[in-house]
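Got the viewer open? Let's walk through this one stop at a time, selecting a few residues as we go.

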Amino acid sequence: MAPQRRLVWFRRLALAGALLAAAVVVLGAWVRLTDAGLGCPDWPGCYGHIYPNAGGVAAASSAHFGKALHEMAHRYFAGSLVIVITILLVWTVRFRMDRGQPIIAVVLAFVIVCLQAALGALTVTLLLKPLIVTAHLLGGLSTLGLLWWLSLTPETRALTQREAALRKYALVGLAVLIAQIALGGWTSSNYAAVACPDFPTCQHSWWPRMDYRDAFVLWRGLDIDYEGGVLANPARVAIHFTHRLGALLAGSVLISLGILAAVGARERRLARAGRLLVLAVVIQITIGAAMVHWGVPLGLATLHNAGAAYLVIGMATLLRALWPAAAIGMIPLHRVDPSR
C-alpha cells in the first residue's frame, strides 16, 4: 500500500477513535449523573467479574444492578478506545518513516489514555473525589481533541499574515476553553449544578451569598465518600456562579475567535471552522441555560457534556486549519506557494 493511501486509512481509524472517545465522554457523564460512579466498587471488573450479572451484585437491588450496568458499559467503551489508540501507536511506529505520518500527537494520545485508565481506577478507589473526576473529564476530552486532530487532513498552503496572527488568539481561546471545562467538571463532581435554580440570577440575586474559601479546596484527604457531594450550599453556589462567569468569558472569547476566523479567512476550510466554533458555543450556552430553567434534567445534563465534546471538536478543527503545514506531531511538510 502506498504511503499516502496508508495515511488515508490512518485518519479513518483516528476518526473512528474520535467518535468512540466522544461516546466515552457522554457515557461517563451519564454514569456520573445517574450516581453510578460507584456502581462497581472494584476495578477493572465489577464485584470480581467482567460482567456485573455475576457475583455479589446479583443479589443487590435492581437499582444498584442498573448502576453497575451503566458503569461497566462505560468501561467497555473505554477499553475499546484503548485498543484503537494502541493500534494507532503500533501503526505509527511501523510506518514512522512515511512522509506526513503523525508521531508526537499519537504518542501523546497513548500516554493520556493510559493515564485515563489510572484515573478511572482512582475515581472508584478514592470514592469520586472531585479532583480526580475533573481530571478524568479533562483527559477524556483531551483524547477526543487529539484523535479528531489526527483525523483531519492537513493542508500545505501558506497562511496569510492575518491568519497567522490569529494563531496566538486561538491559543488563548484553547486555554480559556480548558479552564471552563475544568470549571464544569468541578461543578458536576461537587453536585453544584442545582445550586442556582434560577437564571440569569442565582438564588434570586445578582451576587448571592457564596463561600469561596470552601468551594475550591482541591484535596480534602482520603476515605471521604463524595457521592452526592459534601459541600454546604454557599460553597456549591460559589462553584456554580463561577462556572457561569467563566461561561460568559469563554463564550465571548470563543465567539469572537470564531467570527474573526470566519470573516478574515481566505480559505473556506478556516471560515467553516470559525462558524463551527461559534455554533458550538451558542449551542452549549443554550443547553446550559435550558438546564437551569428545567431543573437540570438528566437528558439535558448529559447533552451538556456532549456539547463540551462538540466544543473541543470545533476548537481542534480551527487549530488544525491554522496550523496547516507543520502541525504538532507531524513530520514537517514542504509549504506550497499559493501563487503557483
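Is α4 mostly covered or mostly uncovered, and how many of its 22 residues are buried? Keep in mind that this is a predicted model, then select residues 130-151, which make up helix α4. The helix is mostly covered, with 18 of the 22 residues buried. From the first C-alpha to the last, α4 reaches 32 Å, close to the 32 Å expected at 1.5 Å a residue.

Now step back along the chain to α3, residues 104-125. Put a distance on its end C-alpha atoms and you should get 32 Å; that agrees with the span expected for 22 residues at 1.5 Å each. Colour the buried residues of α3 next: among them are Ala105, Val106, Ala109, Ile112, Val113 and Gln116. Further along, the buried set includes Leu119, Gly120, Ala121, Thr123 and Val124. While you're here, click Cys114, which is partly exposed at a relative accessible area of 38%. Just past the end of α3, stop at Leu127, where phi turns positive at about 60 degrees.

Next, the cysteines. Select Cys196 and Cys202: their sulfur atoms are 1.8 Å apart and form a disulfide. The count for the structure is one disulfide. Look along the S-S bond and you'll find a torsion of -55 degrees, making the link of Cys196 and Cys202 left-handed. Both ends are covered up: Cys196 is buried with a relative accessible area of 1%, and Cys202 is buried with 0%.

On to charged pairs, of which there are three salt bridges. Begin with Arg6 and Asp98, whose closest N and O atoms are 2.8 Å apart. This pair links distant parts of the chain: Arg6 is in helix α1 (residues 3-33), while Asp98 is in the loop between α2 and α3, 92 residues apart. Arg6 counts as buried at 14% relative accessibility, and Asp98 counts as buried at 11%.

For the next bridge, show Glu71 and Arg75, again with 2.8 Å between the closest N and O atoms. Both lie in helix α2, four residues apart, or about one turn of the helix. Why can two side chains with that spacing meet? An α-helix has 3.6 residues a turn, so residues three or four places apart point the same way. Glu71 is buried, at 7%, and Arg75 is buried too, at 12%.

The remaining stop on this list is Asp214 with Arg220, at 3.0 Å from N to O. Here Asp214 is partly exposed at 25%, and Arg220 is partly exposed at 28%.

Now switch to rings. There are four aromatic pairs in the structure. One of them is Trp91 with Phe95, edge-to-face, at 5.9 Å centre to centre and 65 degrees between the planes. Phe95 counts as buried, at 19% relative accessibility. Add Phe10 to the selection, and you have an aromatic cluster of Phe10, Trp91 and Phe95.

Then jump to Tyr212 and Phe216. Their ring centres are 6.1 Å apart and the planes are at 15 degrees, so this pair is stacked. Tyr212 counts as partly exposed at 37%, and so does Phe216 at 30%.

Finish with charges over rings. Select Lys129 and Trp219: Lys129 lies over the face of the ring, 4.3 Å from its centre. Then try Arg320, which lies over the face of Trp149 at 4.8 Å from the ring centre.

Terms used:
Residues are numbered from 1 along each chain as its sequence is written. This is a predicted model: local features need pLDDT of at least 70, side-chain atom pairs count only at pLDDT 80 or more; totals for chains, interfaces and linings use all residues. Side-chain values use heavy atoms; hydrogens and water are left out. Helices (H or I, at least four residues) and strands (E, at least two) are DSSP runs, numbered from the N terminus. The expected span of a helix is 1.5 Å times one less than its number of residues. Buried means under 20% relative accessible area, exposed over 50%, partly exposed in between (1.4 Å probe, protein chains only). A disulfide is a pair of cysteine sulfur atoms within 2.5 Å. Rings of Phe, Tyr and Trp (its six-membered ring) pair if their centres lie within 6.5 Å; planes under 30 degrees apart count as stacked, over 60 as edge-to-face and the rest as tilted. A charge sits over a ring if NZ of Lys or CZ of Arg is within 6 Å of the ring centre and within 35 degrees of the ring normal. A salt bridge is a side-chain nitrogen of Lys or Arg within 4 Å of a carboxyl oxygen of Asp or Glu.
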